[in-house]
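This report covers nonpolar cores, a surface patch and one polar residue. Please read it alongside the sequence and coordinates.

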Amino acid sequence: MANITQPNTYSDLPPLPDYQIVLQPSLLPPIPDKLLTLIFPIAAYWGLSMLFHWIDTRDYFPQYRLHTPAEVSSRNKVSRWEVVRDVVIQQVVQTAVGWLLGMTEPDDIVGKEAYDVAVWARRIRIAQRAVPGALALVGLDAAGIAKTLTTSHPVLADAVMGGQYRTLQTTTTSGNSFADPLPGFTAWEKTLAHIMYWYMAPALQYGIAILVVDTWQYFLHRAMHMNKWMYTTFHSRHHRLYVPYAYGALYNHPFEGFLLDTLGASIAYKVAGMNTRQGMWFFTGSTLKTVDDHCGYALPWDPLQRLTSNNAGYHDVHHQSWGIKTNFSQPFFTFWDRLLGTVWTGGDVSARYEKAKTAAQRKVDQDNEKTTITHSNAADSATQDPRPYQDDKRNATDLSSIRLEDQQPFPPAGKAELQAAGSRQQVMDDKKDGGAQVLLQEAAEERDARSLLKRSGRRRTASSLSQTDSLKGLKDRVTGIMHGRAGAILGMESNR
């Protein structure tokens, strides 16, 4: 085997270009980017919320509703005015924290991009020095391989030899005389460095930020449900919205809003090492996702709902009395719920999901697979490990005061039954905005929904509705019966 001499220093690396930095121009002059970072999330919140509110009040897409307007009016325990007030309070706190965070950040600069790409190209060149040793570990002769490739693929041959591109040099001049040739970068090194700098590194930063905020929110959110004092003191306020709607997404206790949302997103931003403009898009994207998760619609063509299974249908389970201690993950992915066994296992247990499920299936089910609004399978209830809910049914002592027929919808036996018992007990623990009345009211709504489905001639299977008349007939019945029974439209205040 031929000896391969590797350089001991980095003096043979291609030189880095000169650069001149200037402040990055504002995205929307004359407003500074740091101010836009505070404005955009709030504008996105109310912009998307008002879009969904307009859809609500105009009664567009009723086939994709998770709940009827009557439920929004009757089941929620807080007025719309109180929701708007508390959201504004949280956004004031959010803006103040964002302003302080911006003071710790340097202004974004430009002009150094070519230099930074060259730094990545250097890293690629340095990494190539490990190739001969790596080949030797598996019994391959780098020199022999390089000799074979020299004629047909000379650049690849040099890469195999550890990035020794002896023929690739950039000649510079000094005055009127030529200086010594300097090494240069290959085309593939420059292309890969460009991709790594402009695409892969930012994607990694966003991935880290998403992982941090999902982790932060999951464990704090779960703690607020598993600890009775934390739930009744702070988090129960958010769950006055048993039927979520878009602009109630940030309806929280002020302390919870700061701890769960504002602080969590700020930590994610810092850990990921984002610049101001990256933070602008991250905060705005997180806000849009949170609003969409509370919109109350299972829209099959909504990109935010198609991107991950953590969407409006998934999160709606968490707002119901039977699923309030499940589906803690938010706002992006559901991996913590699935890893730690807190995902709802009862399937689309509520008849109120049937309408949206059938409509969504007609739209997107190309493989004849059953579409579920909650992204869970009822069969899992009997097979999954019951932890961490193994003691919840035994500890649900207050449920004995509620007749079994008033504990609807009925979850399948197994883990879902335990999850529902623990969730309903938590509702009973909330003496101010929960209690037995919530369970009785939800059971009544469930009976109405099942009666409506029975009268419409529907079945629980996806094939039971025709492609035309049945869906239209169901829409007419929902509009006529449920709107008439409530005597109100969605835009009315709910009574406390």
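The notes below go from the interior to the surface and then to a single glutamine.

The model is predicted. Its largest nonpolar core has 25 residues, and Y45, F52, V83 and Y297 touch the most other members. Two or more residues of this core come from each of α1 (33-58) and α3 (80-103). Helix α1 gives the largest share, four residues. Another core lies apart from this one; it has twelve residues, including L101, A209, A268 and A272.

Y297 can be followed further. Beyond its neighbours within four places in sequence, Y297 is in contact with F52, I55, D56, Y60, F61, Y64, R65, L66, Q305 and A312.

On the surface, V155, W188, L192, I195, W198, Y199 and M200 form a nonpolar patch with about 660 Å² of accessible area together. Helix α8 (residues 187-226) supplies the largest share of the patch, six residues. V155 belongs to helix α7 (residues 154-160).

Two residues are set side by side here.

| Residue | Helix | Relative accessibility | Class |
|---|---|---|---|
| V155 | α7 (residues 154-160) | 40% | partly exposed |
| Q425 | α17 (residues 415-429) | 8% | buried |

Q425 counts as buried because its relative accessibility is 8%, where the cut-off is under 20%. Which side chain does Q425 join through a polar contact of 2.9 Å? The partner is the side chain of D398. Leaving aside neighbours within four places in sequence, Q425 is in contact with N395, A396, T397, D398 and L399.

Key. Residues are numbered from 1 along each chain as its sequence is written. This is a predicted model: local features need pLDDT of at least 70, side-chain atom pairs count only at pLDDT 80 or more; totals for chains, interfaces and linings use all residues. Side-chain values use heavy atoms; hydrogens and water are left out. Buried means under 20% relative accessible area, exposed over 50%, partly exposed in between (1.4 Å probe, protein chains only). A polar contact is a pair of N or O atoms within 3.5 Å; within protein, one must be able to donate a hydrogen and the other to accept it, and residues adjacent in sequence count only if both atoms are side-chain atoms. Contact means heavy atoms within 4.5 Å. Patches are made of residues with over 30% relative accessible area and no salt bridge: like charges are joined within 9 Å, nonpolar side chains (Val, Leu, Ile, Met, Phe, Trp, Tyr) within 5 Å. Accessible areas come from the Shrake-Rupley method with a 1.4 Å probe; for residues, only the protein chains shown count as cover. A salt bridge is a side-chain nitrogen of Lys or Arg within 4 Å of a carboxyl oxygen of Asp or Glu. A nonpolar core is a set of buried Ala, Val, Leu, Ile, Met, Phe, Trp, Tyr and Cys residues joined through side-chain atoms within 4.5 Å.
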